[in-house]
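I opened the model to look up how some of its helices pack and how a pair of strands is joined. My entries are below the picture.

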Amino acid sequence: MNQKEKRKERLDRGIKVRCDGIYALMSLREMAYLALPRLILIVGLMVAPFWITQEYWQRVLTVACVYALLAVGFDFLAHYVGLVSLGGAFFVGVGGYVSAVLNTSLGLHPLLSIPLATIISSVICTVLLLPCLPLRGVYFAIATLLYPLLAGRIIEALNILGGTDGIRGVEGIPGHYTPIYIAIISGLLFMFGLRRLVNEDIGLVLRAVKDNDQSVRASGINVTRYKALGVFLCALGGCFAGASLVHIYMWAGISLFALDFSILPIAATVVGGAYTLVGPFLGCLILVPASEFLREFGTLRIVFYSFILLAFIVLKSEGLFNFAQRKYHQFERWVEV
Amino acid sequence: MDVVVYGVINSVSLALVALGFALVYGISRLPNFAHGALYVTTGFITWSFLKSLGLNYVISGVLALIITGLVGAGIYRAILIRIRGMAISEIIASYAIGLAILEGFRYWGFKGMTYTLPTFTKKTFILLDVPVDGHRVLVVVLGAFVMFLLWAFTHYTKVGLALRGMAQDERAAMMLGIDSDLMALLAMGLGSALAGISALFLLPLGNIVVEKGYDVLIQALAVCIVGGLGSWAGAILAAFIIGFAQVVSTAYLGAKFQMVVSLIAILTVLILKPSGLFGRQKELEERV
C-alpha cells in the first residue's frame, strides 16, 4: 500500500465563523457577507421587470415566481413537516376556481378576490386533506397525487363550474407591472416568512413531527394538528399561486389541476436543493425560463426536463443551492490520509 | 348480463395491467411509475416490427416483449439501483423516466389515431346472450393462462421461489445466498415484460396513443393500492372489484364517471386502510 489516499477536507471560512453571532455587526465586511446573497436575490428580482423589456419574458418571470410559491411550499411540507405532497395542482386548482367564482359571481375586484380566495381555499384544502394526514410516506404521496386528478374528473363528469370550458371572463389585474410585482413580492415574502418560521419554536415542533412523530405524540402534542397547520401554510402559497394565475390568464379551467403544477415544483426542489426553501425558489427561476427556451423543441422539452431531473436525483442529489452554500461558507482542500 | 360479461372482461384486463406493477413492487418495494411507459413502448415496438419491417405478428410481439423486458431491466440497472430505498426519489425518478419515454414517442411522431394493432381473431361469440368479439374472449382466456403461468413460476421454480423469498423478507433472503440486486433486476425485467404482455393483449382493442401510458399507470396504481401494495392475490381481487365498479358506473351513470369511481375507490381505501384489502397491516409504518 504505497499508494497515498487523499480525502477532501472541508473547513468553515473564517468570515463565516465570525458572522455566526452578534459579532457580525462589528464590521461592514461581515455584514455584507451575510446580507449580500439575500440582497442580490431581492434587488435582482425587483429590478428584473424593468431590465427585461419584452412583455413575453416579463410574463415568464411572473409565472416563474408563481411556481416558486408552489415549490417553496412543497419543500416546506416535504422537508420540514415530513409530508411529501405530489398534489400541488390541487392547491392551484382550488385557489384558482374559488378566486374565479368570487370574481365572476360576486364581482369582487381582483386585488380583493385573490387574498380572500387564498384564505378560503386554503381552509378548504386543509379540511379536504384532513383524512389523509395520518398517512405516512408513500401513502400520503399517492393520496395527494390523486386529489387533483379526482377534482378535475369530477368537474368534468358533473359539468359544474363551467365543465370542460372553464370559467371565462375573469377580470385581469389592472396595471402592467402590478401582476409581476404581486408575484415577485408574494414569492419573496412567502419564502423568507417560512424561513423565519421554521427557526421559531413552531418550526422545531414541525421538524420533530417529521423526524419522530411518536415522540412528539408522547410529549402530549397533537401531531395531526401540527400537520394540518403545515398543510395550511403550504396551501396558502399554492392557493395564492392559483388565484393569481387565474387573474393573469383571465380564465379558470380544468388545466389548473394539470400535473405540471405538481411536477415542476418538485423538479425545482430537486434541482435547486431541498431543505433550504431558497433552493426551490432558485430552481423555479432556472427551470421555468429554461423550459421556455426549449419550447421550440415541442414535447421534446419534457424529455430534456426528465433527463435533467434524473441527472440531479442520481448524480447531484443535494441540489444547486446546497452546493453553492457550501462553496460560499467553506473551503476545501485535499489532505493525505 | 351485459354487466356481468363485460365486468369479467374489464376485470381481467385490469388485473393484467396491474400484474407487472404489483410484481415489481412486491419483490423489490419499487413503485415503478414507468409502468405505463413500458406498456406503450411494447405497443409501438410491435407496431414497428409488424408494419415497418413486415414481420409475423407473433414474432414481432415476442421480440417486443423481450426488448421491453431488457429496457426495464436496463432502467433498473442504470438508474433505479442507485436510489433504491429512497421512496420519494424512486417515485420521482421512475416517473421522470416514464415521462421521458412517453413524450419521446410523442416527439418522434407516434401520435394520433394511425397506430393500431390487428385483433387476434375476427370471430364473434355469444356468451350468456351477449355478443362478445372473439378478441375479448381470448384476452380473458390468455390472461388467466398468464396468471396461472406466473403462479406456477413463482411456486415451482428456483428463481421464482427466490423472488418470493425476496418479497417476504429481503434480509433473510440475502442471508440464504439470494442476490437481492440480481433478483430485483429480474423482477423489473419480468414486470416490464408483463406490462408488455398486457399491452399486446389490450392494445388491439383501441389505438396506440401516448395518453394510454398515463391511464394505464393510474389503473395499475388503483388496483395495487386497493388490493394492498405487494399482495398479488389482493391485486387480482381488487381488479375484479374496480373492474365491476367501473362497468356498473359506466352502465348506470355514464362513461365519464368511470375514472371518478376508480379514483374514489383508491382514496377511500388509502384513508381507511392504507395497506389495502389484503396487505399486511403495518400500522406504525403507514399512519400515525
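These notes begin with how the model is read and then turn to helices and strands.

I keep in mind that this is a predicted model, in which local features need pLDDT of at least 70, side-chain atom pairs count only at pLDDT 80 or more, and totals for chains, interfaces and linings use all residues. Residues are numbered from 1 along each chain as its sequence is written, and chains are lettered from A and ligands numbered from 1 in the order in which they are written.

**Helices in chain B.** I looked up helix 1 (residues 2-28) and helix 5 (residues 134-156) of chain B, whose axes come within 9 Å and cross at roughly 45 degrees. That makes helix 1 of chain B oblique to helix 5 of chain B (under 35 degrees counts as roughly parallel, over 145 as roughly antiparallel, 65 to 115 as roughly perpendicular, and the rest as oblique).

**Helices in chain A.** I found helix 3 (residues 55-81) and helix 12 (residues 278-293) of chain A packed at an angle of about 140 degrees, with their axes 8 Å apart. Helix 3 of chain A and helix 12 of chain A are therefore oblique to each other as well.

**Strands in chain A.** I noted that strand 1 (residues 6-12) of chain A runs antiparallel to strand 2 of chain A, and that seven bridges join them. Along this pair, Glu9(A) stands opposite Arg333(A) in strand 2 of chain A. Strand 2 (residues 330-336) of chain A is hardly covered, since zero of its seven residues are buried (buried calls for 20 or more other C-beta atoms within 10 Å of a residue's own, with C-beta atoms placed from the backbone).

How values were computed
Axes fitted to C-alpha atoms, helices over the stretch in contact; angles between N-to-C directions. Helix = DSSP H or I, 4+ residues; strand = E, 2+ residues; numbered from the N terminus. Buried ≥ 20, exposed ≤ 12 C-beta atoms within 10 Å, placed from the backbone. Pairing = 2+ DSSP bridges.
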